[in-house]
Amino acid sequence: MRDIIEICDQLAAPFPIEEISWRVGPTNEKSRKQDEPLRGQALCYVDARTVMERFDSVVGVNGWACHYTPGVGTSIVCNIAIKFPVYNGENLVGFDWVSKADGAGPSDMEAEKGALSDAFKRAAVRWGVGRYLYDVKAPWLELDKRGNSAFIRPADHGRLAQLHEEFARRAGWGSHEGVAAYRVLLADIKQLTAQSAANFSAEHRALIEQMPVSMRQHLLREIQKKAEGTNGRKTD
């Protein structure tokens with residue numbers, strides 16, 4: 001049975017370039033002058049089906065589950081749970097379901113379907129799936145325009161693929177055990193409040209205990225800082 005670190009590392013690993021897509025983000029459509037070309041920011045992403053396949057391949061089709069609940073207003077919240085092994089020393093004694101959630105509102109196209117897909121992908125990011133994509137450089141490019149829609153020019157796709165590959169290589173994920181899991185936990189810790197720090201430590205205790213010593217100590221120090229709050233005093 002694989003340990004928790006291996007599962008988290010595999011969930012958070014970079015995707016093959018064949019599974020990466022790019023879409024147009026912000027543009028200069030409203031601010032550009034008449035003689036200026038249309039330019040926009042290229043954003044890196046994977047689709048929901050690719051994310052599902054990542055969960056299937058890492059924890060198995062019976063090792064994860066998701067369900068949706070109403071959010072605020074018209075938003076939808078997706079909860080993704082993963083079944084982790086529980087050990088007593090070297091012996092497997094059972095399994096524990098751990099859930100993470102995030103939500104999204106209606107999208108511009110196919111509003112309800114888009115909300116489900118976006119909520120699912122955002123919840124998956126909580127598990128580290130595709131989270132690194134937020135850090136991949138999003139360059140501004142000259143765009144093609146057809147009707148009211150803007151598109152990335154075919155000539156730029158090779159350059160964008162190279163950007164992704166260079167980032168994944170520099171990140172060094174997979175170079176040694178625990179790197180991906182460590183980065184996911186550290187990003188989550190940065191979002192904690194003093195009140196949520198204690199619960200976070202308890203919920204992720206099994207994973208943190210398996211981290212390499214230097215990573216584990218740093219994570220615990222960061223959690224302690226959050227628990228103490230900005231005035232340096234521990235919360236009750």
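Modeller: A salt bridge, as the term is used here, is a side-chain nitrogen of Lys or Arg within 4 Å of a carboxyl oxygen of Asp or Glu. The model before us is predicted, and a search of the whole structure finds seven such pairs.

Biologist: What makes the pair of Arg131 and Asp188 a salt bridge?

Modeller: The side chains of Arg131 and Asp188 meet with a distance of 3.1 Å from N to O, and because the cut-off is 4 Å, the pair qualifies. Arg131 lies in the loop between H3 and strand S6 (140–146), whereas Asp188 belongs to helix H5 (residues 179–189), so that the pair links distant parts of the chain, 57 residues apart.

Biologist: How do you class Arg131 and Asp188, as buried or exposed?

Modeller: Both Arg131 and Asp188 are buried, and that word requires a relative accessible area under 20%.

Biologist: Why are Asp102 and Arg126, which also meet in a salt bridge, called partly exposed?

Modeller: Their side chains meet at 3.2 Å, N to O, and this pair too links distant parts of the chain, with Asp102 in strand S5 (residues 91–104) and Arg126 in helix H3 (residues 111–126), 24 residues apart. The relative accessible area is 23% for Asp102 and 36% for Arg126; since partly exposed covers the range between 20% and 50%, both residues receive that label.

Biologist: How do you know that Glu29 and Arg32 form a salt bridge, and to what network do they belong?

Modeller: The N to O distance between the side chains of Glu29 and Arg32 is 4.0 Å, to be set against the limit of 4 Å. Glu29, Arg32 and Lys145 are linked in a network of salt bridges. Glu29, with a relative accessible area of 32%, is partly exposed, and Arg32, at 26%, is partly exposed as well.

Biologist: Turning to the helices, what angle describes the packing of H1 and H2, and what name does that angle earn?

Modeller: Helix H1 (residues 4–12) and helix H2 (residues 48–59) pack at about 155°, with their axes 10 Å apart. That makes H1 roughly antiparallel to H2, because angles over 145 degrees are given that name. In the contact, Ile7, Gln10, Leu11 and Ala12 of H1 meet Arg54, Phe55, Val58 and Val59 of H2, a set that by class has six nonpolar, one polar and one charged residues.

Biologist: Why, then, is the packing of H1 with H5 called roughly perpendicular?

Modeller: The angle between H1 and H5 is about 80°, and their axes are 7 Å apart; the range for roughly perpendicular runs from 65 to 115 degrees, and H1 and H5 are therefore given that description. Ile5, Cys8, Asp9 and Ala12 of H1 make the contact with Val179, Ala180, Ala181 and Val184 of H5, and by class the contact has seven nonpolar, no polar and one charged residues.

Biologist: What makes H1 and H5 largely enclosed by the rest of the structure?

Modeller: In H5, nine of the 11 residues are buried, so the helix is largely enclosed, and Asp188, already met in its salt bridge with Arg131, is among the buried residues of H5. In H1, seven of the nine residues are buried, so the same conclusion is drawn; these are Ile4, Ile5, Ile7, Cys8, Asp9, Leu11 and Ala12. What covers the buried residues of H1 includes H2, strand S4 (76–88), H5 and helix H7 (205–210).

How values were computed:
Residues numbered from 1 in each chain as written. Predicted model: local features only at pLDDT ≥ 70, side-chain atom pairs only at ≥ 80, totals over all residues. Heavy atoms only, no water. Axes fitted to C-alpha atoms, helices over the stretch in contact; angles between N-to-C directions. Helix = DSSP H or I, 4+ residues; strand = E, 2+ residues; numbered from the N terminus. Parallel < 35°, antiparallel > 145°, perpendicular 65-115°, else oblique. Contact = heavy atoms within 4.5 Å. Nonpolar A, V, L, I, M, F, W, Y, C, P; charged D, E, K, R; others polar. Buried < 20%, exposed > 50% of the residue type's maximum accessible area, 1.4 Å probe, protein only.
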